[in-house]
Amino acid sequence: MRGACACAVVCALVAVCAGAGLDEATRAAAERQLLSLLGLPRRPTRRLAPPPPVPRALRVLYDARGALPAAAANTARSYHHAPSELDKRFPGDHRFRLYFNLSGVPADELARGADLTFQRAPGAASDQRLLLYDIVRPGRRGKTEPILRLLDSVPLRPAEGLVKADALGAARRWLMEPEHNHGLLVRVIEEDDKSSNAKVPHVRVRRRAEENDEEWNALQPILLLYTEDARAREARERGETRLLRNKRAAQRRGHRSHHHRKEAREICQRRPLYVDFAEVGWSDWIVAPHGYDAYYCQGDCPFPLADHLNGTNHAIVQTLVNSVNPAAVPKACCVPTQLSPISMLYMDEVNNVVLKNYQDMMVVGCGCR
Ligand SMILES: *[C@@H]1O[C@H](CO)[C@@H](O)[C@H](O)[C@H]1NC(C)=O
Ligand SMILES: *[C@@H]1O[C@H](CO)[C@@H](O)[C@H](O)[C@H]1NC(C)=O
């Protein structure tokens, strides 16, 4: 029986998909396994309220097939400033505090990038400079000066529409010590006269009275946080050693002569499998995609193992032994040998939209192992 051949993601998905035919315990076990594969502690709770709109920046990343601008990151979240009473202490546009609440980021995730993007204010004409500081310790009025750490210094030129500053140093600190997240200080100064505060419009930090939610959403500063979770980190560290091994194996395969044999219908190959998240009952928290092509591997691994069956040396030997003595060992298994990631937008526990790239979700190639 081929069912003895191992599979992970696809088996869990198939089990959940075929849910109608499963008893409750099996279905629950399949769902648990799948959630753990996705790195989620539990199924995000079903919300009665309509889901929040997907932030435009996340939609752009998703449409770019999850290509994240931070090396090693597999997750992206977006944040806006959380308004509070403290905002009143910063009445001027040239000096403003931004606070981003990262408390929803799970503890196993490491910050790999944090870009703070500002919209240039209309009418910005002179050359200015934006200074971004991490507020390491807030000052107390008339008692102590705040402790600030400069994160980035960005020149502002008259014609630009967007200004990006790097806040990774602060994001890293906030994830490690959330109780010491005092926000970021944004200062804008005139370029020609270093110490003077900006006098003319520069970037948008503050909402205007006439702006509605939708308008302000499109204009306000946005922090994009890119993280790597523990599962992705382990896979990356494993992959770095596997890549070396694969390279050597490919070199060895290159030296072998090519077998030409007639393709039988039941030979090991990739077969179509579409996973529909609505059928699984997950469409309420997976925002996109609606489903995806997972594929699966099935078929025979006959002797002699042809090169295109992507066999390892071990699989070749096992197939050889099986051809001589079928009782001694089974044939090699038809399994995924190359997998590719997919991107998903989902809602987390605090109802934020998160973009995550999941490794090894889609079969690219099958082989006998
Ligand atoms: C941050 O968000 C969490 C969850 O939404 C909330 O419980 C917490 O009070 C917030 N912290 C601050 C300082 O606003
Ligand atoms: C072997 O792997 C390659 C690359 O991953 C793939 O294109 C090919 O289809 C695989 N062979 C089979 C039988 O799936």
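These legends go with a set of close-up views of one predicted model.

**Figure 1. The whole chain, before zooming in.** This is a predicted model, and its chain has 369 residues, 42% of which count as buried. The secondary structure adds up to 8 helices and 15 strands. Take the contacts between residues at least 6 apart in sequence: 71% of them join residues at least 24 apart. The accessible surface is about 20,600 Å², with 54% of that belonging to carbon and sulfur atoms.

**Figure 2. An open sheet of 7 strands.** Reading across, the order goes β6-β3-β8-β1-β15-β14-β11, and the pairing is antiparallel. The edges belong to β6 (162–166) and β11 (286–288); each has a single partner strand, so one side of each has no neighbour in the sheet. On average, neighbouring strands are turned by 30 degrees against each other, direction ignored. For a closer look at one pairing, try β3 (residues 110–119) and β8, which run antiparallel and share 7 bridges. Ala114 is one to click on there, with Leu225 in β8 as its bridge partner.

**Figure 3. Strand β1 and its two pairings.** Spanning residues 75–79, β1 is mostly covered, with 5 of its 5 residues buried. Thr75, Arg77 and Tyr79 point one way while Ala76 and Ser78 point the other, yet all are buried. Strand β8 (residues 222–228) is antiparallel to β1 and joined to it by 5 bridges; here Tyr79 stands opposite Leu223. Strand β15 (residues 353–368) also pairs with β1 in the antiparallel sense, this time over 3 bridges, and Thr75 has Lys356 in β15 as its bridge partner. Lys356 turns up again in a network of salt bridges, along with Arg77, Glu109 and Asp229.

**Figure 4. Helix α4 packed on the sheet.** Helix α4 (residues 168–176) touches β3, β6 and β8, and its direction makes about 130 degrees with that of β3. Which residues of α4 are buried? They are Leu168, Ala170, Ala171, Arg173 and Trp174. An α-helix has 3.6 residues a turn, so residues three or four places apart point the same way. The cover over the buried residues of α4 includes β3, β4 (128–137), β5 (147–156), β6, β7 (184–190) and β8.

**Figure 5. Asp134 and two arginines.** Asp134 sits at 0% relative accessibility, so it counts as buried. Its salt bridge with Arg173 has an N to O distance of 2.7 Å, and Arg173 is buried too. Because Arg173 lies in helix α4 and Asp134 in strand β4, this pair ties together parts that are 39 residues apart in sequence. Asp134 also forms a salt bridge with Arg149, where the closest N and O atoms are 3.8 Å apart. That pair links strand β5, home of Arg149, to strand β4, across 15 residues. Arg149 itself is partly exposed, at 39% relative accessibility.

**Figure 6. A salt bridge between Arg207 and Asp213.** The structure holds 16 salt bridges; in this one the side chains meet at 2.8 Å, N to O. Arg207 is partly exposed, with a relative accessible area of 39%, and Asp213 is exposed at 53%.

**Figure 7. A nonpolar surface patch.** Phe303, Leu320 and Val324 make up this patch of about 310 Å². Phe303 comes from the loop between β13 (296–298) and α8 (313–324). How exposed is Phe303? Partly, at 43% relative accessibility.

Methods. Residues numbered from 1 in each chain as written. Chains lettered and ligands numbered in written order. Predicted model: local features only at pLDDT ≥ 70, side-chain atom pairs only at ≥ 80, totals over all residues. Heavy atoms only, no water. Buried < 20%, exposed > 50% of the residue type's maximum accessible area, 1.4 Å probe, protein only. Helix = DSSP H or I, 4+ residues; strand = E, 2+ residues; numbered from the N terminus. Pairing = 2+ DSSP bridges. Patch = residues over 30% accessible without salt bridge, like charges linked within 9 Å, V, L, I, M, F, W, Y side chains within 5 Å. Areas by Shrake-Rupley, 256 points an atom, 1.4 Å probe, with all protein chains shown as cover. Salt bridge = Lys/Arg side-chain N within 4 Å of Asp/Glu carboxyl O. Axes fitted to C-alpha atoms, helices over the stretch in contact; angles between N-to-C directions. Contact = heavy atoms within 4.5 Å.
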